Structures are given as C-alpha cells and as structure tokens.
Amino acid sequence: MKINEFVKLTKEERKKVPFKQLPWPNKYIPIFVILLIVISIGQCIHESGSSAKAEKAKGIDTLTLEITAKVLNESAVKQLLKSPSSAEFPAEEQKYWMLADSTVVVKGAVDAQNTFGAMLRTTFYTKLKWNGDYKDPSNWTVIESHLEE
C-alpha cells in the first residue's frame, strides 16, 4: 500500500490494514530506532575510552600513576590500623578514580588483625593529590584517609 492510499483511510480502516501492507516508512521506523540505539551505545563506548587517550595526550602514564597511588594509599591506611604488619589489600576490592585536579581517590578494603588478633575486612577511603611529577612519591600529599566501620 502506498502512503497516499493509507492517508485516505479512516482510523478504523487503518487499524485493519495488516502490518505487511503498511506504508514503507512505518516498516522502517523500528530499524531506524535500533540503529540510533546502536550508534548511541558506540558513542558512549568511544567517549569512555577517550579519557584514557586524553591522559596519554597529557603525557600521564596511568599505570605508573596507579602504582604510585597504590603504594601511598597502603602506607596511609596502615597508619590507621592496630596491626599494620598483618594488612593485606585484596586487589579486586580496590577502586581508583583520577580526578581532573591531580587528585586520586581510592576506595577499597583491607584485611588486618584487630586488637584481639582476629582478621577482619574493613573498608577505607583515601584521597591523594600530586603536585609536579606524579612519578615521585615525595610530590604526593594524603588529603584524607579513614577507615569506614
């Protein structure tokens, strides 16, 4: 059925027209919607990867940055523990966020002995900032670090 024929039909007659006979624009609307969704998802994926590219463009080695932040974070958290020598930081529990103002936020968990010698898992939050060369630990400052109980 052609569009000009479809337009001339009444509402009741249009409802009776089988899907296969609908004018071509109505057949392809679902395809266009799906295509737009796929393009939107692709754009989101591209934008999430572009932040890493932007950091590389700035000359920041994110792996070195994360390792330095990890070492300094563990040192800061150990200072808050009753038994720092027993501390273990499970890698799968650590999350790192790099903010635009040279700040790294770390949220994670530490397994350590309490005053009674029992191993307990405690979550922590640490905020670190670097000034100058991020590869040099002396350029870092611990802004905030606390255990969440």
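This is a short chat about three residues, Asn139, Ser102 and Asp111, in a predicted model.

User: Where is Asn139 found?

Analyst: In this predicted model, Asn139 is found in the loop that runs between strand E3 (119-130) and strand E4 (140-148).

User: And is Asn139 buried, partly exposed or exposed?

Analyst: Asn139 counts as partly exposed, because its relative accessibility is 23%, and partly exposed covers the range between the 20% and 50% cut-offs.

User: Which residues does Asn139 touch, leaving out those up to four places away in sequence?

Analyst: Asn139 touches Lys129, Trp130, Asn131, Gly132 and Asp133. Taking Lys129 from that list, the C-alpha atoms of Asn139 and Lys129 are 8.4 Å apart in space, while the two residues are 10 apart in sequence.

User: New topic: what about the phi of Ser102?

Analyst: Ser102 has a positive phi of about 60 degrees, although Ser102 is not a glycine. For background, most residues other than glycine have a negative phi.

User: Where does Ser102 sit?

Analyst: Ser102 sits in the loop between strand E1 (95-99) and strand E2 (103-113), and with a relative accessible area of 23% Ser102 is partly exposed.

User: Then Asp111, which lies in strand E2: why does Asp111 count as buried?

Analyst: Asp111 counts as buried because its relative accessibility is 15%, and buried means under 20%.

User: What does the side chain of Asp111 make a polar contact with?

Analyst: The side chain of Asp111 makes a polar contact with the side chain of Arg121, at 2.7 Å. Leaving aside neighbours within four places in sequence, Asp111 is also in contact with other residues, including Ser86, Pro90 and Met119.

Note on methods: Residues are numbered from 1 along each chain as its sequence is written. This is a predicted model: local features need pLDDT of at least 70, side-chain atom pairs count only at pLDDT 80 or more; totals for chains, interfaces and linings use all residues. Side-chain values use heavy atoms; hydrogens and water are left out. Helices (H or I, at least four residues) and strands (E, at least two) are DSSP runs, numbered from the N terminus. Buried means under 20% relative accessible area, exposed over 50%, partly exposed in between (1.4 Å probe, protein chains only). Contact means heavy atoms within 4.5 Å. A polar contact is a pair of N or O atoms within 3.5 Å; within protein, one must be able to donate a hydrogen and the other to accept it, and residues adjacent in sequence count only if both atoms are side-chain atoms.
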